[in-house]
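Here is a small set of exercises for you to work through with the model open beside you. Try each task on your own before reading its solution.

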Amino acid sequence: MRRRDFLSTSALALLAGCDRVLSFAERENEYVERGLFRHTARDVASGRFVTPDAKYPSYFISNTVPMWDATKNGPWSLEVSGIVAKPLTLSLDQLTRLPSTTLRLNHYCVEGWNAIASWTGVRLSVLAGLVQPDPMAQYVDFQSFDDGYHESWDLASAMHPQTLVAYGMDGHWLGAPHGGPARVFSPVKLGYKNTKYLTKIVFMPQRNGGYWSDQGYEWYGGT
Amino acid sequence: MTTVLRHHWLVRVTHWVAVVAITIMVGSGLRIFNAYPEFARRGQTFCCYPFAGKPIPNWLTFGGWLGGARHWHFAMMWLLVVDGLVYLTFLYLHGEWRDLVPRQGDLRDSIAMVRFYLFIRKHHPHQGKHNALQKLAYFAMPWVGVLLVLTGLAIWKPVELGWLTGLFGGYVWARYWHFVAMSLLVILAVGHIFMVFTVDPYAIVSMITGRYNERFAPEARDARPFYHLLPQEEKSTDA
């Protein structure tokens with residue numbers, strides 16, 4: 001083997017080795033994180049502050065702010081399906097008539113910032129109660145109309161009492177920049193796991209990655 | 001003059017593992033920090049960081065991108081914690097904590113060391129394994145480490161370990177204290193490396209082989225930074 005080949009092969013082997021160590025560590029960390037997870041642990045946003053709308057970052061992956069096109073796609077609706085006894089499709093009107101919760105919560109971004117807003121919506125556990133997932137359903141996928149964006153979660157995090165399908169923010173209807181008509185919001189996952197522009201909630205026996213998870217961010221992304 | 005076994009192999013191994021782990025932890029931590037190089041909660045201001053919005057120079061960071069740096073940070077943290085625990089357990093069981101824990105007289109000895117380094121005092125104060133300033137630095141390091149682990153847990157799990165995050169004043173402050181503790185550790189490490197190279201480079205060999213020739217000790221050389229790096233002539237009055 002020539003010296004250059006040897007060096008580049010060794011460098012590649014080293015990189016591959018690092019990669020394996022890092023993915024091993026990620027798997028072990030997820031194990032630890034799931035062990036730490038408690039439904040009784042709640043996010044506490046102390047004080048009365050909420051982040052002004054203009055200062056609340058709004059990310060999406062489409063080139064422009066995703067807007068539901070009702071003339072092309074018909075009225076927006078939310079499908080709750082997968083391995084469930086009673087799959088369900090809800091109009092926005094039907095969603096808002098379900099028992100609602102308003103919570104002032106921290107948003108923890110993977111970048112290191114946090115923000116506070118008051119979210120109004122339906123607990124995911126309430127929706128699960130309606131569709132009755134199969135005991136095999138250990139994962140939930142949250143899909144959106146933002147250019148195929150989705151993120152799958154472990155069931156326990158989805159069932160946390162602070163995990164909402166939110167349609168209201170700071171006392172007004174959820175606007176397009178923050179994921180309207182409805183989005184997932186939970187302080188127990190980092191921002192990138194909280195699918196905006198929600199269209200579909202699918203209960204699944206297995207995880208199926210997600211937009212940012214597939215690009216190398218931790219799949220679990222728990223707080 | 002005698003050569004002594006100065007560092008147990010366990011101390012040497014944990015030392016170099018810590019060098020690698022701390023370097024990667026600091027580098028990847030700075031890369032993570034660069035994704036939001038300030039502390040204020042969105043929509044609020046933060047009192048106590050004058051460099052808000054200015055990222056750390058890339059060459060000081062490690063991991064390439066935010067996700068990569070996080071993977072390194074969350075992998076290396078285990079290595080560093082285990083390494084630290086092994087070292088501290090050894091220190092306790094072997095009684096070597098006595099070389100590091102401050103005792104009466106250390107303040108006086110520290111002042112004497114400072115006076116010596118400032119050329120106010122002519123000869124190196126008498127010392128044990130370490131001089132009083134070294135003792136202080138090596139004693140502080142594990143405590144800074146504990147602070148780093150606790151603040152790190154507080155910002156990794158602000159909901160699951162919310163009580164801990166609250167103890168540090170909330171997420172924003174916990175992140176700040178994590179950064180401050182990192183800065184302290186870097187200051188201690190940079191000071192340590194500077195002193196090793198300019199006062200006692202022979203210590204590098206002893207941290208590898210474990211052996212140390214006492215003829216080369218800073219005390220025997222009256223060594224200050226950049227002064228008396230070579231061993232001194234044996235004094236005829238040596239007794």
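The exercises below go from the two chains to their cores, strands, backbone and contacts.

This is a predicted model, in which local features need pLDDT (the predictor's confidence in each residue, from 0 to 100) of at least 70 and side-chain atom pairs count only at pLDDT 80 or more, while totals for chains, interfaces and linings use all residues. Residues are numbered from 1 along each chain as its sequence is written, and chains are lettered from A and ligands numbered from 1 in the order in which they are written.

**Exercise 1. Describe the overall make-up of chain A and chain B, and the confidence of the prediction.**

Step 1. Start with secondary structure, where helices (H or I, at least four residues) and strands (E, at least two) are DSSP runs numbered from the N terminus. Chain A has 5 helices and 10 strands, whereas chain B has 8 helices and 2 strands. The order of elements along chain B is β-α-α-α-α-α-α-α-β-α.

Step 2. Look at the extents along the principal axes. The C-alpha trace of chain A spans about 70 × 45 × 40 Å, and the C-alpha atoms of chain B fill a box of roughly 70 × 35 × 35 Å.

Step 3. Now consider burial. A residue is buried if 20 or more other C-beta atoms lie within 10 Å of its own, exposed if 12 or fewer, and partly exposed in between, with C-beta atoms placed from the backbone. Of the 223 residues in chain A, 38% are buried; for the 239 residues in chain B, the share is 32%.

Step 4. Check the confidence. Chain B has a mean pLDDT of 94, with 97% of its residues at 70 or more. For the complex, the predictor gives an ipTM of 0.91 and a pTM of 0.93.

**Exercise 2. Find the residues that touch the most other members of the largest nonpolar core, and the elements that build this core.**

Step 1. Fix the term: a nonpolar core is a set of buried Ala, Val, Leu, Ile, Met, Phe, Trp, Tyr and Cys residues joined through C-beta atoms within 7 Å.

Step 2. The largest core has 35 residues, and those touching the most other members are Trp119(A), Val140(A), Leu164(A), Val165(A), Ala166(A), Ala182(A) and Leu198(A). Elements giving two or more residues to this core include strand 4 (114–123), helix 4 (124–131), strand 7 (164–169) and strand 10 (198–204) of chain A.

Step 3. Zoom in on Trp119(A). Beyond its neighbours within four places in sequence, its contacts (C-beta atoms, placed from the backbone, within 7 Å) include Leu103(A), Leu164(A), Ala166(A) and Phe185(A).

**Exercise 3. Work out how strand 10 of chain A pairs with strand 1 and strand 5 of chain A.**

Step 1. Two strands pair if DSSP finds at least two bridges between them.

Step 2. Strand 1 and strand 10 of chain A run parallel and are joined by 4 bridges. Val80(A) has Ile201(A) as its bridge partner in strand 10.

Step 3. Strand 5 and strand 10 of chain A are antiparallel, with 6 bridges. Here Asp141(A) is bridged to Val202(A) of strand 10.

**Exercise 4. Asp147(A) has a positive phi although it is not a glycine, and so has Tyr197(A). Is each residue buried or exposed?**

Step 1. The phi of Asp147(A) is about 55°, and this residue sits in the loop between strand 5 and strand 6 (150–154) of chain A. Asp147(A) counts as exposed because it has 12 C-beta neighbours inside 10 Å.

Step 2. Tyr197(A) also has a phi of about 55° and belongs to the loop between strand 9 and strand 10 of chain A. Tyr197(A) counts as buried because it has 26 C-beta neighbours inside 10 Å.

**Exercise 5. Check the length of helix 4 of chain B against the expected value, then see what covers its buried residues.**

Step 1. The expected span is 1.5 Å times one less than the number of residues. For the 25 residues of helix 4 (residues 132–156) of chain B this comes to 36 Å, and the end C-alpha atoms are 36 Å apart, which agrees.

Step 2. Buried residues of this helix include Leu133(B), Leu148(B), Ile155(B) and Trp156(B). Among the elements covering the buried residues of helix 4 are helix 2 (66–93) and helix 6 (171–198) of chain B.

**Exercise 6. Characterise the side of chain A that touches chain B.**

Step 1. Count the contacts: 32 residues of chain A are in contact with 26 residues of chain B.

Step 2. Helix 1 of chain A gives the most to this side, with 6 residues.

Step 3. Sort by class, with Ala, Val, Leu, Ile, Met, Phe, Trp, Tyr, Cys and Pro as nonpolar, Asp, Glu, Lys and Arg as charged, and the others, Gly among them, as polar. The side of chain A that touches chain B then has 18 nonpolar, 8 polar and 6 charged residues.

Terms used:
Two residues are in contact if their C-beta atoms, placed from the backbone, lie within 7 Å.
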